[in-house]
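Grab your viewer and let's work through a few exercises together. Each one sets a task and then walks through a solution.

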Amino acid sequence: MAATASPGASGMDGKPRTSPKSVKFLFGGLAGMGATVFVQPLDLVKNRMQLSGEGAKKREYKTSFHALTSILRAEGLRGIYTGLSAGLLRQATYTTTRLGIYTVLFERLTGADGTPPGFLLKAVIGMTAGATGAFVGTPAEVALIRMTADGRLPVDQRRGYKNVFNALFRIVQEEGVPTLWRGCIPTMARAVVVNAAQLASYSQSKQFLLDSGYFSDNILCHFCASMISGLVTTAASMPVDIVKTRIQNMRMIDGKPEYKNGLDVLVKVVRYEGFFSLWKGFTPYYARLGPHTVLTFIFLEQMNKAYKRLFLSG
């Protein structure tokens, strides 16, 4: 969403003046960070749910609500915001990179006559941008998973990271630089799955609602299609997400990692915890998806309007 100027605020070529690309990328990252402040507790609950019952242990939490109340009771209000600094850095790196790559590829693949890329090409651009952003954001993701998981452990087993920068420094110091990108393959795979599932399910859901005769092409239809799309996206991406969470949180036991690879995670989860454990944390994941997207666009619109008023008007 670009911040467009009023008809009176035009450049030398007569076209409306808009904010520079760098400002658009900055606003995209800041908007994602603003939304994260509100949905961070849901991220924490989702991560705790995915780690609950790991290694054939008894499940710590029966439901997402039980997890939330248990965390509040044991760790207080500040406890549900554990890892916020890592969540903010993840948005700053992932969202800004994804938006930048998408914009550059979209413009390069737009025809000389201004014809935008077709649906399939847009999907490829979206998945490429998502995977690249996920790779750049993996260090912050590793820190986030570990920080949000810490409170469930006995005091003597906690990593005790003070903030995201302390976490990154200690990970490099204690485990080496490559550990910052531990789980980058499932992280990138999740980004690809999320982008593909969102694109496909949204267009199909919207068409289904319109064909039903009960909806017209308006905001209600878009909202319902988005909610259906979010449901499909959550269901499709959660098995990959639990792989990412377990790998990024794992420790070395007698010099060997807890899991060999992503497939080993899937096999062990199904064997020891049951097939449907692949969708642990479904409720907070789904509940986070919608509000985060809506809040991101609200913040983005407000920043664009403020930039237009301060720098492009007159």
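**Exercise 1: the fold at a glance**

How many helices and strands make up the secondary structure of the protein? Then work out how compact the chain is for its length.

Solution. Keep in mind that you're looking at a predicted model.
- Step 1: count the elements, and you get nine helices and two strands.
- Step 2: put them in order from the N terminus, which gives α-α-α-α-α-α-α-β-β-α-α.
- Step 3: compare the radius of gyration, 21 Å, with the 20 Å that the globule rule gives for 314 residues; the two are close, so the protein is as compact as a globular protein of that length.
- Step 4: for the overall extent, box the C-alpha atoms along the principal axes, and they fill roughly 70 × 50 × 35 Å.

**Exercise 2: two helices that cross**

Find the angle at which the axes of α4 and α5 cross, and say what packs between them.

Solution.
- Step 1: select residues 119-149 for α4 and residues 164-175 for α5.
- Step 2: their axes come within 10 Å and cross at roughly 100°.
- Step 3: an angle from 65 to 115 degrees counts as roughly perpendicular, so α4 is roughly perpendicular to α5.
- Step 4: list the contact: α4 brings Pro139, Val142, Ala143, Arg146 and Met147, while α5 brings Val164, Ala167, Leu168, Ile171 and Glu175.
- Step 5: sort that contact by class, and you have eight nonpolar, no polar and two charged residues.

**Exercise 3: the second largest pocket**

Describe the second largest pocket by its volume and its lining.

Solution.
- Step 1: the volume comes out at about 520 Å³.
- Step 2: the lining has 22 residues, and Glu54, Gly55, Lys57, Arg152 and Glu258 are the closest to the centre of the pocket.
- Step 3: split the lining by class, which leaves seven nonpolar, four polar and eleven charged residues.
- Step 4: check the helices, and you'll see that α7 (219-249) and α8 (262-273) each supply at least two lining residues.
- Step 5: α8 gives the most, with four residues.

Notes. Residues are numbered from 1 along each chain as its sequence is written. This is a predicted model: local features need pLDDT of at least 70, side-chain atom pairs count only at pLDDT 80 or more; totals for chains, interfaces and linings use all residues. Side-chain values use heavy atoms; hydrogens and water are left out. On a 1 Å grid over the protein atoms alone, a cavity is a set of points where a 1.4 Å probe fits but cannot get out, and a pocket is an open set with protein on both sides within 12 Å along at least five of seven lines; lining residues have an atom within 4 Å of a point. Grid points are joined across faces, edges and corners, and a volume is the space filled by probe spheres set on the points. Ala, Val, Leu, Ile, Met, Phe, Trp, Tyr, Cys and Pro count as nonpolar, Asp, Glu, Lys and Arg as charged, and the others, Gly among them, as polar. Axes are lines fitted to C-alpha atoms, for helices over the stretch in contact, and angles run from 0 to 180 degrees between N-to-C directions. Angles under 35 degrees count as roughly parallel, over 145 as roughly antiparallel, 65 to 115 as roughly perpendicular and the rest as oblique. Contact means heavy atoms within 4.5 Å. The radius of gyration is taken over C-alpha atoms; the globule rule is 2.2 Å times the number of residues to the power 0.38.
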